[in-house]
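Biologist: Before I trust any labels on this one, I'd like to hear the reasoning behind each. Can we go through them together?

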Amino acid sequence: MEARLNINGNTVKVNITPEEHLLYTLRQNGFTEVKSGCKEGECGACLVLLNGKPVNSCLIFTASILEEDKLLTVKGIGDLHEPHIIQEAFVDTGAVQCGFCTPGIVLASYALLKENPDPSEEEVKIAMDGNLCRCTGYVKIIEAVQLAAKRLQKK
Ligand code: FES
Ligand code: FES
């Protein structure tokens, strides 16, 4: 069946099956910045924002998404040529190593800073609770989120 999804501000027509998960749909249609990890809702690699809220796309049926719903992948907030302040802060603090977790973590940070522009370390940890990173030990990630918060406040 055909579905229309609003992804990063654009309407995208996709062909889906009723049992297809959003992670699969996104990657099949070129949104490979959304990473496929555990596919069980445990790692956060596949995290996207659905109407501004972080969701694990491996757990959502594409058919349940409405045309008016707004999906955001990490490329919707910035890319290599025009990075978002959060993405720059991740690079500047060395919070990106293999980068597999980064799209999900950057989006979780984006959602957090929209709601809470000056999070404490504890609040950052809680917001990142569903995102696993096997490389950084999380310290640099927390630093990156707090640096981004400072820079966004000065903007
Ligand atoms: S791939 Fe979706 S949470 Fe791990
Ligand atoms: S940077 Fe490698 S998993 Fe996070």
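Modeller: Sure, starting with salt bridges: the term is used when a side-chain nitrogen of Lys or Arg is within 4 Å of a carboxyl oxygen of Asp or Glu. By that rule the structure holds 3 salt bridges. Some ground rules: this is a predicted model, where local features need pLDDT of at least 70 and side-chain atom pairs count only at pLDDT 80 or more, while totals for chains, interfaces and linings use all residues. Residues are numbered from 1 along each chain as its sequence is written, chains are lettered from A and ligands numbered from 1 in the order in which they are written, and side-chain values use heavy atoms, with hydrogens and water left out.

Biologist: What makes lysine 53 and glutamate 115 a salt bridge?

Modeller: Their side chains meet at 2.9 Å, N to O, and the limit is 4 Å, so the label fits. This pair links distant parts of the chain: lysine 53 is in strand β4 (residues 53-56) and glutamate 115 in helix α3, 62 residues apart. Helices and strands here are DSSP runs, H or I with at least four residues for a helix and E with at least two for a strand, numbered from the N terminus.

Biologist: Why is lysine 53 called partly exposed, and is glutamate 115 buried or exposed?

Modeller: Buried means under 20% relative accessible area, exposed means over 50%, and partly exposed is in between (1.4 Å probe, protein chains only). Lysine 53 has 46%, so it counts as partly exposed. Glutamate 115 has 62%, so it is exposed.

Biologist: What about arginine 151 and aspartate 92?

Modeller: Their side chains meet in a salt bridge too, at 2.9 Å, N to O. Arginine 151 sits in helix α5 (residues 139-154) and aspartate 92 in helix α2, 59 residues apart, so this is another link between distant parts of the chain. Arginine 151 has 30% relative accessibility and therefore counts as partly exposed.

Biologist: How do you know that lysine 125 and glutamate 121 form a salt bridge?

Modeller: The distance is 3.4 Å, N to O, which is within the 4 Å allowed, so they qualify. Both lie in helix α4 (residues 121-127), 4 residues apart, about one turn of the helix. Lysine 125 at 40% counts as partly exposed, and so does glutamate 121 at 42%.

Biologist: Why is threonine 25 called buried?

Modeller: Its relative accessibility is 1%, so it counts as buried. Threonine 25 lies in helix α1 (residues 22-28). Leaving aside neighbours within four places in sequence, threonine 25 is in contact (heavy atoms within 4.5 Å) with Leu5, Val14, Ile16, Glu20 and Thr62.

Biologist: Which residues of α2 are buried?

Modeller: Ile85, Ile86, Gln87, Ala89 and Phe90. The buried residues of α2 pack against α3 and α5. Just after α2, glycine 94 takes a positive phi of about 75°.

Biologist: How do you know that β3 and β4 pair?

Modeller: Two strands pair if DSSP finds at least two bridges between them. β3 and β4 have 4 bridges, in the antiparallel sense, so they pass. Leucine 47 stands opposite asparagine 56 in β4. The hairpin has 2 residues between the strands, and asparagine 51 takes a positive phi near 50° there.

Biologist: And what joins β3 to β5?

Modeller: 2 bridges join β3 to strand β5 (residues 70-72), and the strands run antiparallel. Leucine 50 has leucine 71 as its bridge partner in β5. From β3, Leu47 and Leu49 point one way and Val48 and Leu50 the other way, and all are buried.

Biologist: What makes a pocket a pocket?

Modeller: On a 1 Å grid over the protein atoms alone, a pocket is an open set of points where a 1.4 Å probe fits, with protein on both sides within 12 Å along at least five of seven lines; lining residues have an atom within 4 Å of a point. The largest pocket has a volume of about 410 Å³, where volume is the space filled by probe spheres set on the points, and points are joined across faces, edges and corners. It is lined by 17 residues, and Gly78, Asp79, Leu80, Gln87 and Thr102 lie nearest its centre. The largest share of the lining, 4 residues, comes from α2.
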